[in-house]
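Biologist: Please take one part of this model and go through it closely. I would like the helix packing treated as the main subject, with the surroundings added afterwards.

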Amino acid sequence: MKSEKKIAALLTCHNRREKTLQSLGLLFEAALPKNYKLNVFLVDDGSTDGTSKAVKKSFPEVNIIRGDGNLYWNGGMNLAWKTAEKEYSYDFFLWLNDDTYILHNALEILLKESELKNNQSIICGKTKSQITGKVTYGGLNLDNRGFILDNNVIEKCDYFNGNIVLIPRSVFEELGFLETGFVHCLGDYDYGLRARKKNISSWVTAESVAFCENNDLPKWCNPKTPILTRMKFFYTPLGAEPFEYFIYSKRHFGFSVAVRNFVTQHLRMLFPNYWVKKIIHT
């Protein structure tokens with residue numbers, strides 16, 4: 001009999017009680033191959049809508065870790081990850097956003113594709129919209145201008161969105177946790193590019209494994225948002241975070257690219273209409 005393999009599912013949330021409950025419900029209902037066990041670690045980052053109480057009532061087996069409201073995605077995921085690692089040396093870590101609703105066979109697909117890569121690679125799950133049916137998040141390549149790979153085959157990617165990602169133990173031992181220098185975003189992109197530098201391959205699933213809707217255009221670059229409000233949000237964790245983006249760009253693409261991106265972000269905040277028109281006509 002094969003020894004049991006353990007998966008630590010990592011989530012973080014803030015005031016999205018119903019979405020969090022739905023995501024967890026589908027996670028626990030998902031099919032799991034024999035000899036695999038799933039433990040869930042959820043950081044409730046200062047929710048005031050009763051998320052922790054509701055999760056504890058519906059899913060008492062979930063390990064709930066309390067945050068102070070200043071962790072955001074990257075910090076919350078790191079806290080969940082470090083808590084799981086202290087408990088046990090898990091064979092796999094599953095990143096899962098609390099607004100990502102997995103399909104019944106999602107875990108089977110991720111684990112199967114990981115086994116095909118000898119559990120030595122990162123497997124990113126592709127997500128799609130329940131409304132349009134179009135792919136929303138997944139794997140990306142540096143030369144595809146940010147478009148999600150969608151060729152109906154498992155294919156290599158350079159980096160990825162962190163909505164649903166399977167990290168095997170071997171990869172974790174090479175890369176460790178998410179970069180603590182990032183507060184909210186960029187940690188997932190950075191992780192993929194760090195893996196690439198160490199010759200650890202990342203792959204995106206051939207089929208969609210979950211539903212997740214695209215985020216709305218951020219306030220800092222939304223033409224419908226007044227300029228003073230755009231400026232207010234620009235330097236916040238939910239905004240552009242240009243200084244963090246400068247560090248990310250310099251690390252992976254060089255100083256000149258970092259400077260260019262820094263300037264471009266400010267121009268996009270000041271003149272969002274031009275940017276939106278450029279995207280539409282590209």
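Modeller: What follows starts from one helix and its two packing partners, then turns to a strand, two loop residues and a further helix. The model is predicted.

The central element is helix H9, residues 255–270. H9 has 16 residues and reaches 23 Å from its first C-alpha to its last, close to the 22 Å expected at 1.5 Å a residue. Its buried residues are Val257, Ala258, Asn261, Gln265, His266, Arg268 and Met269.

Two packed helices are described by the angle between their axes and the distance between the axes. For H9 and helix H8 (residues 242–253), the angle is about 150° and the axes are 7 Å apart. Angles over 145 degrees count as roughly antiparallel, and H8 and H9 are therefore roughly antiparallel to each other. Their crossing is right-handed. On the H8 side, the contact is made by Pro242, Phe243, Tyr245, Phe246, Ser249, Lys250 and Phe253. H9 contributes Phe255, Val257, Ala258, Val259, Asn261, Phe262, Gln265 and His266. Sorted by class, the residues in this contact are ten nonpolar, four polar and one charged.

The second partner of H9 is helix H7, residues 227–234. The axes of H7 and H9 come within 9 Å and cross at roughly 150°, so this pair is also roughly antiparallel. Ile227, Arg230, Met231 and Phe234 of H7 meet Gln265, His266, Met269 and Leu270 of H9. The contact of H7 with H9 comprises five nonpolar, two polar and one charged residues. Gln265 and His266 take part in the contact with H8 and also in the contact with H7; both are buried.

Next comes strand E6, residues 122–128. Ile122 lies in E6 and is buried, with a relative accessible area of 0%. Leaving aside neighbours within four places in sequence, Ile122 is in contact with Phe160, Val165, Leu166, Ile167, Pro168, Val171, Leu175, Tyr191, Ala195, Ser201, Ser202 and Trp203. Ile122 and Gly239 are 117 residues apart in sequence, and their C-alpha atoms are 28 Å apart in space.

Ile123 is also in E6, and it is buried at 0% relative accessible area. Apart from residues up to four places away in sequence, Ile123 touches Leu110, Glu113, Ser114, Lys117, Ile164, Val165, Leu166, Trp203 and Thr205. The C-alpha atoms of Ile123 and Thr205 are separated by 7.0 Å, although the two residues are 82 apart along the chain. Val165, Leu166 and Trp203 are contacts of Ile122 and of Ile123.

Two loop residues deserve a check of their backbone. Most residues other than glycine have a negative phi. Leu186 has a positive phi of about 80°, and its place is in the loop between helix H5 (169–175) and helix H6 (187–197). Leu186 is buried, with a relative accessible area of 6%. Asn199 has a positive phi of about 60° and lies in the loop between H6 and strand E12 (202–211). Asn199, at 75% relative accessibility, counts as exposed.

The last element is helix H3, residues 72–87. Its 16 residues should span 22 Å at 1.5 Å a residue, and its end C-alpha atoms are 23 Å apart, which agrees. Buried in H3 are Trp73, Asn74, Gly76, Met77, Asn78, Ala80, Trp81 and Ala84.

How values were computed. Residues numbered from 1 in each chain as written. Predicted model: local features only at pLDDT ≥ 70, side-chain atom pairs only at ≥ 80, totals over all residues. Heavy atoms only, no water. Helix = DSSP H or I, 4+ residues; strand = E, 2+ residues; numbered from the N terminus. Buried < 20%, exposed > 50% of the residue type's maximum accessible area, 1.4 Å probe, protein only. Contact = heavy atoms within 4.5 Å. Axes fitted to C-alpha atoms, helices over the stretch in contact; angles between N-to-C directions. Parallel < 35°, antiparallel > 145°, perpendicular 65-115°, else oblique. Left-handed = near helix turned anticlockwise from the far one by under 90°. Nonpolar A, V, L, I, M, F, W, Y, C, P; charged D, E, K, R; others polar. Expected span 1.5 Å × (residues − 1).
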